[in-house]
Amino acid sequence: VLSGCQEAFLASRGVEAVISRISHPRLIIDIGGGSTELIYSRKKSEILYESLPLGVIGLTEQYLKNDPPQESEINSLNDKINVILRSESGIIKQTGKKIQCSGTAGTVTTLAAMDMGLTEYDPEKINGYTLGMDAVDKLLRRMTCLPSSERVFLPGLENGREVVIIAGTVLLLELMKIFQCQFIYVS
């Protein structure tokens, strides 16, 4: 079992191996089922890692009780995400705005596949894809209008992720807003 810092380190190595246009300062976002890792570097030798208790499974179970979720549930989820990010993230407190962002793991890669309308997952199309904040917001609005039984049929959304994708999307959108990332590179 990896620690949060080990997971963050390995995520950063994976993203660096796939996306050549990463510059510094930069942020890598790894949204997972049990936690979210943020990896920030001002330069290659200066890297900060943190693991936050923001996993899509727990957030979904705790805040999204209805299917589709009610607006009040989305608002409560967003409020909780904000509280944790602003109180527990040292990276948010130490970094400037408008830094280059990359994202990895299921939420980010699924949103890229959905934005492209992929009916079959293709890592070559996903890796390096530029996912815009407007696209993430549009996908969130579309998904929150559908029950999971219909959401599962959206192109790019793999079966089994239809329940947790909303919490991950709310989290990603909030991180993009905080860091003023108009887009992220996907790995």
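1. Helices here are DSSP runs of H or I with at least four residues, numbered from the N terminus, and Thr109 has its place in one of them, helix α5. The model under discussion is a predicted one, and the points below should be read with that in mind.

2. On the overall fold, the chain contains nine helices and six strands. Its radius of gyration is 15 Å, close to the 16 Å that the globule rule gives for 187 residues, so the chain is as compact as a globular protein of that length. Along the principal axes, the C-alpha trace spans about 45 × 35 × 35 Å.

3. On packing and surface, buried residues make up 51% of the 187 residues in the chain. Of the contacts with a separation of 6 or more, 68% are accounted for by residues 24 or more positions apart. The accessible surface comes to about 8,900 Å², and carbon and sulfur atoms hold 50% of that area. As for charge, the chain carries 19 positive and 22 negative charges, whose mean positions lie 8 Å apart.

4. Helix α5 (106-116) deserves a closer look, being mostly covered, with nine of its 11 residues buried. The buried set consists of Gly106, Thr107, Val108, Thr109, Thr110, Leu111, Ala112, Ala113 and Met114. After the helix comes Gly117, which has a positive phi near 70°.

5. Within α5, Thr109 can be followed in some detail. Its relative accessible area is 9%, and because buried means under 20%, Thr109 falls in that class. Leaving aside residues up to four places away in sequence, Thr109 touches Tyr121, Ile126, Val186 and Ser187. The contact with Ser187 joins positions that are 78 residues apart along the chain, and the C-alpha atoms of Thr109 and Ser187 are separated by 7.0 Å.

6. Another residue of α5, Ala112, can be related to strand β5 (residues 130-132), where Gly132 is found. The C-alpha atoms of Gly132 and Ala112 are separated by 9.3 Å, with their positions 20 residues apart along the chain. Gly132 itself touches Met176, Gln182 and Phe183, again not counting residues up to four places away in sequence.

7. Helix α2 (residues 56-63) has Val56, Leu59, Thr60 and Tyr63 as its buried residues. These residues cover an arc of only 100° around the axis, which puts them on the same side of α2. The elements that cover the buried residues of α2 include β1 (26-31), α3 (71-88), α5 (106-116) and α9 (165-178), so that α5, discussed above, appears here as part of the cover.

8. Some backbone features merit checking by eye, given that most residues other than glycine have a negative phi and most peptide bonds are trans. Asp67 and Pro68 are joined by a cis peptide bond, with omega about 5°, and Pro68 has its place in the loop between α2 and α3. Ala105, although not a glycine, has a positive phi of about 90°; its place is in the loop between β4 (100-104) and α5, and Ala105 is partly exposed at a relative accessible area of 25%. Gln180, also not a glycine, has a positive phi of about 55° and sits in the loop between α9 and β6 (183-186), where Gln180 is partly exposed with a relative accessible area of 34%.

9. The cis-linked Pro68 can also be placed relative to Glu150, a residue of helix α8 (residues 148-151). Glu150 and Pro68 are 82 residues apart in sequence and 9.8 Å apart in space, taken from C-alpha to C-alpha. At 44% relative accessibility, Glu150 counts as partly exposed.

10. Finally, towards the start of the numbering, helix α1 (residues 4-18) contains Phe9. With a relative accessibility of 35%, Phe9 counts as partly exposed. The C-alpha atoms of Phe9 and Glu50 are separated by 9.5 Å, and these two residues are 41 residues apart along the chain.

How values were computed: Residues numbered from 1 in each chain as written. Predicted model: local features only at pLDDT ≥ 70, side-chain atom pairs only at ≥ 80, totals over all residues. Heavy atoms only, no water. Buried < 20%, exposed > 50% of the residue type's maximum accessible area, 1.4 Å probe, protein only. Helix = DSSP H or I, 4+ residues; strand = E, 2+ residues; numbered from the N terminus. Arc of directions from axis to C-beta. Contact = heavy atoms within 4.5 Å. Rg over C-alpha atoms; globule rule 2.2 N^0.38 Å. Areas by Shrake-Rupley, 256 points an atom, 1.4 Å probe, with all protein chains shown as cover. Lys, Arg positive; Asp, Glu negative; His and termini not counted. Charge placed at Lys NZ, Arg CZ, Asp CG, Glu CD.
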